Amino acid sequence: MNKDLNREQTTLAYTDLRDWIKTLEKHGELKRIREEVSPDLEITEITDRASKIGAKTGPKTKDTYAPGGPALLFENIKGHPGQKVLINQFGSERRMNLALGVERLDEVADRIHGLMNMKPPTGMMDKLKMLPQLGSITAAFPKTVSAKDAPCKEVIRKSKEFGGDGDFDLNHFPILKCWPHDGGRFITLPCVHTRDPRNGKRNIGMYRMQVYDGQTTGMHWQRQKVAAEHYRNAIRAAAATNATEGEASARVAAMAESAGGSVSIPDGPIGGLPQVALGNLKGSRLEVAVAIGTDPSITFSAIVPAPPEVEEFMIAGFLRGQSVEIVQCETVDLQVPAHAEIILEGYVELGELRSEGPFGDHTGFYTLTDDYPVFHLTAITHRKDPIYAATIVGKPPMEDAYMGKAVERIFLPAMKMTIPELVDVHLPVEGVFHNLMIVSIKKSYPGQARKVMSAIWSLGQAMFTKCIVVVDEDCDVQDVGEVTLRVANNIDPERDIQFTLGPVDSLDHASRLPNYGSKMGIDATRKWKAEGFNRQWPAMIEMDKATKAKIDAIWSKLGL
């Protein structure tokens, strides 16, 4: 029986954001800020300083905090009396572990590895030992509850279109303007719910939302995100429905003429094909719901690069060891976390785009303006006295650095399923997740490092990785100094660096075109004769074991 399967299931199951806040306070990880501060820039400045505590450029504080500083609960928001803002909730290694109910992030990876390597039981004892793991699978499925049992519906406000009085306004909430040159105020920690029009699969993603007015926002789902594909599938479906001739041709034309949904749909026939009058698509909708202020397992599940076939509700259920309670929305056919602080319901209209940005992003630079879909609200439901959850991004390290490290550790087993020679992976925080990936491999044949690069560029969100460095298994990729030593010494630049073209992250301001550019792979492994290297390869310097053991025995006596 796999040893990973013998571990008892850790039950996280924070009921909601408020339960999580109590846990943070109990462990000394929360600081309440009672001084009046503005949601325009001031909360960002305080949070930026706090999140850089422990960093080389961070502030000196009278209290002793671990790197990342404390979570902050602002209780006196200018212009929003009685409201609270929670920020930096995941912004340290300890808080990230607390959020996932583990002492170290690799424990979650071990659980995933155990499930992936589960073997059929050979006897009664094996079957009994499997019960906790089977229970964790059962717990992954969400549980639907009635509206009366859903705290997120303590206050319900609907548009007149759906029988309400239309008395709702996003400006009621303390939504942040983060940086001086931002295009406005942004919802920065939203769990955005959509459904694939083809098969009904639900998805939860995290995409910033620029507030245009009290009832509309931008919806910054980048072109390669799952929700953006749901949007494109809705365009394809509408094009096929309106086609007078070939449905497949209509779908192809709709994608080509709208650049995959990233440019406004023109009126009238296009491409000389009267059956593809994209103007007829206008008025068609993709329903969207947004949860703000969820328990940590749901918030974290919204950022993980899971396959589209795996629903985030199930990921959250697996992480927390208990089913997520969900409830039907009031005005759209979607389900949302029943214990969320705030729910926004609405839709995006196919073909309607609006300028979004600039936005101070996790790259440390402002993302430039671009056109994105517009989210129209049809309802807002929330708890009484809702707590507004937010995050800020900017020059690292910040809160997202610890969330990214969690993703790196937890999904290593899944990467190994596709790339079995993979030993470890490291995404340095300064590389902002998609600019630099360092991997170590068990090299078994010539050219394997290049095969691994190609494999990584074919993996979901990893396809955006601008630079990949491949080293041998005896190099600790978490030690950037060691990696630098290997790269600087082991490569012949002309021979060992390769370039390729393909999709790049929408936030990459240096690429030759938006969303399309070049990537670089560096093979820093030891070169073999079978790869054409005929010189002698020197051994790395290391002391012999006997001498090391002798010095170990007397080290404490040396006074060093």
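Student: Are Phe533 and Trp537 buried or exposed?

Tutor: Phe533 is buried, and so is Trp537. Keep in mind that this is a predicted model.

Student: What makes Phe533 and Trp537 an aromatic pair that is edge-to-face?

Tutor: Their rings lie 5.3 Å centre to centre, with 70° between the planes. Ring centres within 6.5 Å make a pair, and planes over 60 degrees apart count as edge-to-face. Both values pass, so the name fits.

Student: How many aromatic pairs does this rule give?

Tutor: The count comes to six. Among them are Tyr207 and Trp221, which are also edge-to-face, at 6.2 Å centre to centre and 85° between the planes.

Student: What does the pair of Tyr207 and Trp221 tie together?

Tutor: Parts that are 14 residues apart in sequence. Tyr207 lies in the loop between strands E8 and E9, and Trp221 in the loop between strand E10 and helix H6.

Student: Why is Tyr207 called buried?

Tutor: Its relative accessible area is 5%. Buried means under 20%, so Tyr207 qualifies. Trp221, at 3% relative accessibility, counts as buried too.

Student: How do you know that the charged end of Arg285 sits over the ring of Tyr347?

Tutor: The charged end of Arg285 is 3.6 Å from the ring centre. The distance cut-off is 6 Å, and the charge must also be within 35 degrees of the ring normal. Arg354 sits over the ring of Tyr212 in this way, 3.8 Å from its centre.

Student: Which residues of helix H12 are buried?

Tutor: Gln448, Ala449, Val452, Met453, Ala455 and Ile456. They cover an arc of only 165° around the axis, which puts them on the same side of H12.

Note on methods:
Residues are numbered from 1 along each chain as its sequence is written. This is a predicted model: local features need pLDDT of at least 70, side-chain atom pairs count only at pLDDT 80 or more; totals for chains, interfaces and linings use all residues. Side-chain values use heavy atoms; hydrogens and water are left out. Buried means under 20% relative accessible area, exposed over 50%, partly exposed in between (1.4 Å probe, protein chains only). Helices (H or I, at least four residues) and strands (E, at least two) are DSSP runs, numbered from the N terminus. The arc is that of the directions from the helix axis to the C-beta atoms. Rings of Phe, Tyr and Trp (its six-membered ring) pair if their centres lie within 6.5 Å; planes under 30 degrees apart count as stacked, over 60 as edge-to-face and the rest as tilted.
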